Amino acid sequence: MKNLVIFGAPGSGKGTQSDLLVEKYGFDHISTGDVLRAQIKAGTDLGKTAKQYIDQGQLIPDALMVDILAATYDALEKKVGVIFDGFPRTIPQAEALKEMLSKRGTGVAAMLELEVPDDMLMERLINRGKTSGRADDNAETIQKRLAVYHNQTAPLRDWYEAEGIRHAVPGFGSIEDINAVLRAVIDTL
Ligand code: AMP
């Protein structure tokens with residue numbers, strides 16, 4: 001099992017790159033944002049709670065998020081490994097992920113970080129908002145999400161560096177070129 005964390009700011013291309021890696025290697029893919037949006041669509045209580053945070057560009061509380069992640073993970077068959085996309089977003093989430101996987105006899109093999117400058121992220125997300133239908137892809141909420149990323153999520157770069165498994169790659173250029181760099185890292189694991 002090679003579990004990977006794909007990491008980066010909103011709009012850094014985590015979802016796009018995950019899809020290509022799933023196609024190439026057969027990983028399972030957990031996007032916590034997708035899980036929450038599916039709950040909102042289904043009109044569940046969890047979805048109603050999540051929507052209040054998502055629409056404000058804020059993070060869902062760690063305790064709730066960790067439970068959702070564990071339930072999603074345990075429901076998978078798990079073939080070659082799992083790509084975690086959008087999780088962890090805080091240091092307590094990273095600690096919880098490590099503990100959860102360790103209890104299940106596995107761990108995170110690599111954190112793959114897509115590095116993209118803020119002005120490029122803003123432009124990509126504004127463009128995505130024209131077609132994504134996502135309520136949080138508007139200028140005001142994007143600003144909030146980028147601030148949340150810098151304050152609460154970016155400290156995980158040092159956390160994973162200290163774990164000795166952080167691999168940062170430039171997240172701009174062609175989608176295929178970025179993917180080739182990611183594949184080269186994965187092939188060394
Ligand atoms: P994403 O699709 O990854 O950009 O996530 C969209 C929104 O879902 C985020 O802005 C958060 O409000 C929420 N969310 C997704 N993943 C997490 C997480 N790991 N922790 C807290 N909130 C999350």
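**Exercise 1. Find which residues come nearest to the ligand, among the 16 around it.**

Solution. Start with the residues near the ligand, meaning those with a heavy atom within 4 Å of it. Of these 16, the nearest are T32, R37, Q58, G86 and Q93. The model is predicted, so local features need pLDDT of at least 70 and side-chain atom pairs pLDDT 80 or more, while totals for chains, interfaces and linings use all residues. Residues are numbered from 1 along each chain as its sequence is written, and side-chain values use heavy atoms, without hydrogens and water.

Next, look for polar contacts (pairs of N or O atoms within 3.5 Å). The side chain of T32 has an N or O atom 2.8 Å from a ligand nitrogen, and that of Q93 has one 2.9 Å from a ligand nitrogen. Q58 uses a backbone N or O atom, 2.6 Å from a ligand oxygen.

**Exercise 2. Describe how helix α1 packs against helix α9.**

Solution. First take the axes, which are lines fitted to C-alpha atoms over the stretch in contact. Those of α1 (residues 14-25) and α9 (residues 175-186) come within 10 Å and cross at roughly 55 degrees. That makes α1 oblique to α9 (neither under 35, over 145, nor 65 to 115 degrees).

Then list the contacts (heavy atoms within 4.5 Å): T16, Q17, L20, L21, K24 and Y25 in α1 meet I175, I178, N179, L182, R183 and I186 in α9. By class, this contact has 7 nonpolar, 3 polar and 2 charged residues.

**Exercise 3. Locate the cis peptide bond that ends at P88.**

Solution. The bond runs from F87 to P88, with omega near 0 degrees. P88 sits in the loop between β3 (82-85) and α5 (91-103).

Methods. Axes are lines fitted to C-alpha atoms, for helices over the stretch in contact, and angles run from 0 to 180 degrees between N-to-C directions. Helices (H or I, at least four residues) and strands (E, at least two) are DSSP runs, numbered from the N terminus. Ala, Val, Leu, Ile, Met, Phe, Trp, Tyr, Cys and Pro count as nonpolar, Asp, Glu, Lys and Arg as charged, and the others, Gly among them, as polar. A polar contact is a pair of N or O atoms within 3.5 Å; within protein, one must be able to donate a hydrogen and the other to accept it, and residues adjacent in sequence count only if both atoms are side-chain atoms.
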